[in-house]
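Biologist: Could you walk me through this protein before I go back to the bench? I'd like to hear the reasoning as well as the results.

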Amino acid sequence: MSCFPQRIKAQRGYYSCQCSGLCPHIFAFDASPARKAQLVWAKNYNRSDLMIGRPQSTEAAAYYFTYIDQVAGDDALATIENQLQEAATFLSGISEEKSLHQYAPEKWSLRQVLNHVNDAERIFAVRALWFARGFESPLPSFDQEIAASGAEADNISWAEHVEEFRRVRLSTISLFRNMPADAWMRSGIASDKRFTVRALAYIIAGHVTHHLGIVRERYL
Ligand code: NI
């Protein structure tokens, strides 16, 4: 703690030290001394512990709080990491035969649902990457029906879809674990809506929770 922040920038309730790219000082302005020390430690040894705070209502369009609100607590990365095993175990319990089931004629099969989950995670992660790295040009929208018809997901085995979920999720975890502390509050436009990076992390976790809830209710 030899370097006290020379320049402090308020970021929606958090103060993030801007005095150098490697400065360890980032803390909630009302954090206890113990929490501040923990965060400084986290900056030095484990960036993933720096995921602080839930997104505020201005950090994503209202629609996306359908997903954000599915995630408890203020550490979306922990949820993203826990889901890897929980979701993969749950999905592995579904048979190849069952994975072709649709609960209504116009609804997606389970294979199409999981393909959609994987596609959407890639899209959300690319948005997070784009904004986190500092690009300012807006990203296009993602039409899930076009993606679904282009994927031909029923021709891919369920086991392959589940393996794809694991691989996509491992990539997402690495992206967020290695995220510089200052990047979480960066934002940009995608699909004509503004998102912060941390809102996208919550959306990734909540989108999976949302779809697995529908799978449990309607498909099994
Ligand atoms: Ni969806």
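Here is our conversation, turn by turn.

Biologist: What secondary structure does the protein have, and in which order do its elements run?

Modeller: Please keep in mind that this is a predicted model. The protein comes to seven helices and five strands. Read from the N terminus on, the order is β-β-β-α-α-α-α-α-α-β-β-α.

Biologist: How much of the protein is buried?

Modeller: A residue counts as buried if 20 or more other C-beta atoms lie within 10 Å of its own. Among the 220 residues of the protein, the buried share is 33%.

Biologist: And among contacts between residues at least 6 apart in sequence, what share joins residues at least 24 apart?

Modeller: For this one, contact means C-beta atoms within 7 Å. Of the contacts between residues at least 6 apart in sequence, the share joining residues at least 24 apart is 70%.

Biologist: Let's turn to helix α3. Does its length agree or disagree with what its residue count suggests?

Modeller: Helix α3 covers residues 76–92, which is 17 residues. At 1.5 Å a residue it should span 24 Å. Its end C-alpha atoms are 24 Å apart, so the two values agree.

Biologist: Where is the kink in α3 centred?

Modeller: The kink comes to about 35 degrees. Its centre is a residue that is also on the list of buried ones in α3. That residue is Gln 83.

Biologist: Which elements help to cover the buried residues of α3?

Modeller: The buried residues of α3 are Ala 76, Leu 77, Thr 79, Ile 80, Gln 83, Ala 87 and Leu 91. In general, an α-helix has 3.6 residues a turn, so residues three or four places apart point the same way. The cover over the buried residues of α3 includes α4, α6 and α7.

Biologist: Is Ala 132 buried or exposed?

Modeller: Ala 132 lies in helix α4, which runs over residues 110–132. Within 10 Å it has 23 other C-beta atoms, and the cut-off for a buried residue is 20 or more. Therefore Ala 132 is buried.

Biologist: Which residues is Ala 132 in contact with, leaving aside its neighbours within four places in sequence?

Modeller: One of them is Arg 186, which is 54 residues apart from Ala 132 in sequence, yet 5.8 Å apart in space, C-alpha to C-alpha. With the neighbours within four places left aside, the contacts of Ala 132 are Met 179, Ala 183, Arg 186 and Val 197.

Biologist: How do β4 and β5 pair, and over how many bridges?

Modeller: Strand β4 holds residues 187–190 and strand β5 holds residues 193–196. One bridge partnership is between Ala 190 and Lys 193. The two strands form a hairpin with two residues between them. Their pairing is antiparallel, over four bridges.

Biologist: Which residues are on the covered face of β4?

Modeller: Strand β4 has two faces, and the uncovered one carries Ser 187 and Ile 189. The covered face carries Gly 188 and Ala 190.

Biologist: In the loop between β4 and β5, why does Asp 192 count as exposed while Ser 191 is partly exposed?

Modeller: Both residues have a positive phi without being glycine, near 55 degrees for Ser 191 and about 65 degrees for Asp 192. Ser 191 has 14 other C-beta atoms within 10 Å, so it is partly exposed. The cut-off for exposed is 12 or fewer. Asp 192 counts as exposed because its C-beta neighbours inside 10 Å number 10.

Key:
Residues are numbered from 1 along each chain as its sequence is written. This is a predicted model: local features need pLDDT of at least 70, side-chain atom pairs count only at pLDDT 80 or more; totals for chains, interfaces and linings use all residues. Two residues are in contact if their C-beta atoms, placed from the backbone, lie within 7 Å. Two strands pair if DSSP finds at least two bridges between them. The expected span of a helix is 1.5 Å times one less than its number of residues. The bend at a residue is the angle between axes fitted to the seven residues ending there and the seven starting there.
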